[in-house]
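Welcome! Please take a look at the sequence and the structure shown here, and then read on for a short guided tour.

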Amino acid sequence: MVEPAARAQYVSPDAARLAPPLPGPPPPPKIEVPKVPQFDAPPRYNYQPLPRNSFSDRVTKCLHDGAAAGLGPADRGTYARMCAN
């Protein structure tokens, strides 16, 4: 049995005219000069206390710390109860 020969795809001469136009170049990136601290400016301090983690976050951290310290499961629970409060 003889198979048909492969044929190249036919491209018409008007194919470039039918293709959608290429998009324009992207806009240039916005470049801003960083603010440079002044030597003679008074320092600004943030006196707000740091937000406290939720109870669940503290318990999870205590459980991880207890496991890293090599505590067993029963000891980890006791440690986490004391640590999280």
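## A walk through the helices

Let us begin with one residue: His-64 has its place in helix α2. Keep in mind as you look around that this is a predicted model. Is His-64 buried or exposed? With a relative accessibility of 53%, His-64 counts as exposed, because the cut-off for that class is over 50%. His-64 can also be related to a residue further along the chain: 9.0 Å separates its C-alpha atom from that of Ala-80, and the two residues are 16 places apart in the sequence.

Now step back to the whole chain. The protein chain contains three helices and zero strands, and reading along the sequence gives the pattern α-α-α. The chain has 85 residues, of which 5% count as buried.

Next comes the packing of two helices. A packed pair of helices is described by the angle between the axes and by the distance between them. Helix α2 covers residues 55-68 and helix α3 covers residues 73-84; they pack at an angle of about 135 degrees, and their axes lie 8 Å apart. That angle makes α2 oblique to α3. As for handedness, the crossing of α2 and α3 is right-handed.

Which residues meet where α2 packs on α3? On the α2 side they are Phe-55, Arg-58, Val-59, Cys-62, Leu-63, Asp-65, Gly-66 and Ala-67, while α3 brings Arg-76, Tyr-79, Ala-80, Cys-83 and Ala-84. Sorted by character, the residues of this contact comprise nine nonpolar, one polar and three charged.

One of the α3 residues in that contact deserves a visit of its own. Arg-76 lies in helix α3 and is partly exposed, with a relative accessible area of 27%. Leaving aside residues up to four places away in sequence, Arg-76 touches Leu-63, Gly-66, Ala-67 and Leu-71. For Arg-76 and Leu-63, which are 13 residues apart along the chain, the C-alpha atoms are separated by 6.0 Å.

The contact between α2 and α3 also includes two cysteines, Cys-62 and Cys-83. How many disulfides does the structure hold? It holds one, formed by Cys-62 and Cys-83, with their sulfur atoms 2.0 Å apart. The bond links distant parts of the chain, since Cys-62 sits in helix α2 and Cys-83 in helix α3, 21 residues apart. The torsion about the S-S bond of Cys-62 and Cys-83 is about -65 degrees, so this disulfide is left-handed. The partners have their own accessibility classes: Cys-62 counts as buried, whereas Cys-83 counts as partly exposed.

Here are the accessibility values of the residues we visited, side by side.

| Residue | Relative accessibility | Class |
|---|---|---|
| Cys-62 | 4% | buried |
| His-64 | 53% | exposed |
| Arg-76 | 27% | partly exposed |
| Cys-83 | 32% | partly exposed |

To retrace the tour, start at His-64 in helix α2, and then find the disulfide of Cys-62 and Cys-83.

Key
Residues numbered from 1 in each chain as written. Predicted model: local features only at pLDDT ≥ 70, side-chain atom pairs only at ≥ 80, totals over all residues. Heavy atoms only, no water. Axes fitted to C-alpha atoms, helices over the stretch in contact; angles between N-to-C directions. Helix = DSSP H or I, 4+ residues; strand = E, 2+ residues; numbered from the N terminus. Parallel < 35°, antiparallel > 145°, perpendicular 65-115°, else oblique. Left-handed = near helix turned anticlockwise from the far one by under 90°. Contact = heavy atoms within 4.5 Å. Nonpolar A, V, L, I, M, F, W, Y, C, P; charged D, E, K, R; others polar. Disulfide = S-S within 2.5 Å. Buried < 20%, exposed > 50% of the residue type's maximum accessible area, 1.4 Å probe, protein only.
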